[in-house]
Amino acid sequence: MSNLVKVILILCLTLSVANSWANTLQKPLSNPDRWLLLEYSSLEPNKVEFSDNRMLIEVDNSASPIIYPFDSPQSLEAISLKLKLDGQLMLEKPLQGSKGNDDFVFRLGVVYEGEQTLNFFQKAIAAKWVKQLFALAPKGTGVDHISFFNVYSDDRLAGKDRTHPASDLMKETFQDTLAEGKAVSFQWHPDPEKKVLGLWISSDGDDTDSNYSVEISDLQLHRTK
């Protein structure tokens with residue numbers, strides 16, 4: 001084998017490995033210090049713990065957002081993860097997601113880059129979570145919305161989606177269900193044509209006075225090729 005052929009083979013192998021690395025952001029849960037644990041001003045926050053590439057969210061009549069900001073906007077082909085639920089929501093008869101019944105055991109949001117920004121007045125009156133949302137956008141850009149993949153508990157929501165009545169910044173698809181006690185793998189697909197600024201995780205029980213926990217593991221983000 002000539003030296004030229006050897007060089008070409010080595011180069012092809014190197015590019016193949018590099019492309020493999022480029023197409024997958026491995027395990028954000030291995031970087032617990034990068035996650036931002038926020039609080040709503042009027043609600044008790046959840047308890048959040050990280051260990052062994054896992055995140056445990058403990059909900060006790062509480063709610064709070066968890067954000068993972070990216071270093072730069074990314075195009076994502078898929079998000080894969082594993083969830084395990086201990087306990088359940090104490091839902092009322094009205095449709096899950098309606099006023100007074102708007103709790104979900106798990107929402108995974110992707111924050112899409114866009115053109116919306118906050119002016120001086122809006123920054124002065126905006127809730128802390130809204131300011132944090134727009135802070136994810138690099139200078140000179142803005143936010144479009146958060147697209148949530150929801151794990152629902154009310155079968156009437158199957159296959160539906162909505163813009164959240166509290167804010168047109170939040171759009172939800174009711175994606176999957178999760179039974180108690182068994183770890184289940186999921187894969188969800190953001191819009192590959194949009195740039196993603198970060199992840200937004202939410203589990204809540206404040207509306208329904210619920211007490212439960214969710215364990216997240218094997219979280220991987222797959223870039224578009």
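Student: In which loop is the place of Asn 61?
Tutor: This is a predicted model, in which local features need pLDDT of at least 70 and side-chain atom pairs count only at pLDDT 80 or more, while totals for chains, interfaces and linings use all residues. Residues are numbered from 1 along each chain as its sequence is written, and side-chain values use heavy atoms, with hydrogens and water left out. With helices (H or I, at least four residues) and strands (E, at least two) taken as DSSP runs numbered from the N terminus, Asn 61 is placed in the loop between strand E4 (54–60) and strand E5 (63–74).

Student: What is the phi of Asn 61, and how far is Asn 61 exposed?
Tutor: Most residues other than glycine have a negative phi. Asn 61, although not a glycine, has a positive phi of about 50°. On the scale used here, buried is under 20% relative accessible area, exposed is over 50% and partly exposed lies in between (1.4 Å probe, protein chains only). Asn 61 is therefore partly exposed, its relative accessible area being 33%.

Student: In which element does Asp 218 lie, and what value is its phi near?
Tutor: Asp 218 belongs to strand E13 and counts as partly exposed because its relative accessible area is 40%. Asp 218 is a residue other than glycine with a positive phi, the value being near 55°.

Student: Is Asp 209 buried or exposed?
Tutor: Asp 209 lies in the loop between strand E12 (196–204) and strand E13 (211–223). Because its relative accessible area is 53%, Asp 209 is classed as exposed.

Student: Is Asn 101 buried or exposed?
Tutor: The loop between strand E6 (76–88) and strand E7 (106–114) holds Asn 101. Its relative accessibility is 1%, so Asn 101 counts as buried.

Student: Which residues does Asn 101 touch, not counting those up to four places away in sequence?
Tutor: Asn 101 and Leu 89 are 12 residues apart along the chain, and their C-alpha atoms are separated by 9.8 Å. Taking contact to mean heavy atoms within 4.5 Å, and leaving out residues up to four places away in sequence, Asn 101 touches Leu 91, Glu 92, Pro 94, Leu 95, Gln 96, Asp 207 and Thr 208.

Student: For contacts with a separation of 6 or more in the protein chain, what share is due to residues 24 or more positions apart?
Tutor: The protein chain has three helices and 13 strands, and buried residues make up 43% of its 225 residues. Of the contacts with a separation of 6 or more, the share from residues 24 or more positions apart is 80%.
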